[in-house]
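Student: I am new to this structure and would like to learn how its descriptions are justified. Could we go through it together?

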Amino acid sequence: MNLTHLRYFVELAHSRSYAVAAERMLTTQPNISYAVTQLENELGVTLVIKTGRTNQLTAYGKQFLKYAEGTLKTLDSGVNAIHRSVQDHTVIRLGFLRYLGSEYLPQLVVGFQKEFSDYNIEFEFETANSAGLHEAMAANRLDVVCCAHINDKYKEHGVIYHQKFSLIVPPGHPLANEEKVTLKDTMKYPYIYYVKNNGIRNVIEPYIKAAGGMPEIKYELQEERVVAGFVSAGMGIAIVPHGTLSSRVNVVEIDLDDVNMGRDIHMILTDSQDVSPLLKELLKYAVAHPDKTVIENRASLRAPGRR
């Protein structure tokens, strides 16, 4: 038996008007009528009859109303009890890109827990690349993730971090002593690149094409750390997200002077997800407390002469 149908029936029983019941339940009159008909078909009796301009309950309708109201009251009490339990103890399963764990994410979590110190909030963490985080959320291992946008199945809740991209070259490379270079300067050197459908490739490729076409691609790889390893071995140059490289990788990182290349990192949920009250508060808190990189990027976009 459909709980929505029960709610529609109870409202109709009190209002005695399909129009009023539909307005109060934020639906249409046909939906109210359909719900009553389905209940009558299931019970095998008539619940509502029209008398003049109003609708009256039959004897069966009056009898059923008592049980319907009792059922809904019990259900609502249970829902409220669960909500109170959630407020008393909440576990938030949070996934994020690895480099966010070095500074921003720990500060965000500590700040949020201080803001809501009256609640018993626990976090469970998982790290991966953006594709891996989306897969974990689709498998219901995570409630919310901090990563780059991949597709429209997921709902973004504001930018919390902006990740700049920069050029890396091996030590001794002709560009290694430059503080800044343009993309055009890099085109004559072979690249270590990313495989198709890689999120980083999707960011950098339009910039590279706009700079004069594709350079020679030596190898296509998936992970930026592996890309950096190949660059360190002198096999080519590459563009990587800033801050993702290990200090053990022997490369020279150089700023790109002619483009503001980067990607935004979002708090992301699935559209179909039921969001707990405290998870809603975390989303609002994160959007209100973005990393300084977001502020710096907004300022650079407003600066004269920047693209």
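Student: How much of the protein chain is buried, and what makes a residue count as buried?
Tutor: Of the 307 residues in the protein chain, 42% are buried. Buried means under 20% relative accessible area, exposed means over 50%, and partly exposed lies in between (1.4 Å probe, protein chains only). Please keep in mind that this is a predicted model, where local features need pLDDT of at least 70, side-chain atom pairs count only at pLDDT 80 or more, and totals for chains, interfaces and linings use all residues. Residues are numbered from 1 along each chain as its sequence is written, and side-chain values use heavy atoms, with hydrogens and water left out.

Student: Why is Asp-143 called buried?
Tutor: Its relative accessible area is 14%, and the limit for buried is under 20%, so Asp-143 counts as buried.

Student: What makes the contact between Asp-143 and Arg-93 a salt bridge?
Tutor: A salt bridge is a side-chain nitrogen of Lys or Arg within 4 Å of a carboxyl oxygen of Asp or Glu. For Asp-143 and Arg-93 the N to O distance is 2.8 Å, so the pair qualifies. This pair links distant parts of the chain, 50 residues apart: Asp-143 is in the loop between helix 6 (130-138) and strand 5 (144-147), while Arg-93 is in strand 3 (residues 89-96). Helices (H or I, at least four residues) and strands (E, at least two) are DSSP runs, numbered from the N terminus.

Student: How many salt bridges and how many helices and strands are there?
Tutor: A search of the whole structure finds eight salt bridges. The chain has 11 helices and 12 strands.

Student: Which salt bridge lies in helix 10, and how exposed are its partners?
Tutor: Glu-281 pairs with Lys-284, with the closest N and O atoms 3.3 Å apart. The two are separated by about one helical turn, because they are three residues apart in helix 10 (residues 277-288). Glu-281 is partly exposed at 26%, whereas Lys-284 is exposed at 54%. Elsewhere, salt bridges that share partners join Arg-201, Glu-205, Lys-209 and Glu-220 into one network.

Student: How do you know that Glu-179 is exposed?
Tutor: Its relative accessibility is 69%, and exposed means over 50%, so Glu-179 counts as exposed. Glu-179 is in the loop between strand 6 (154-169) and strand 7 (180-181).
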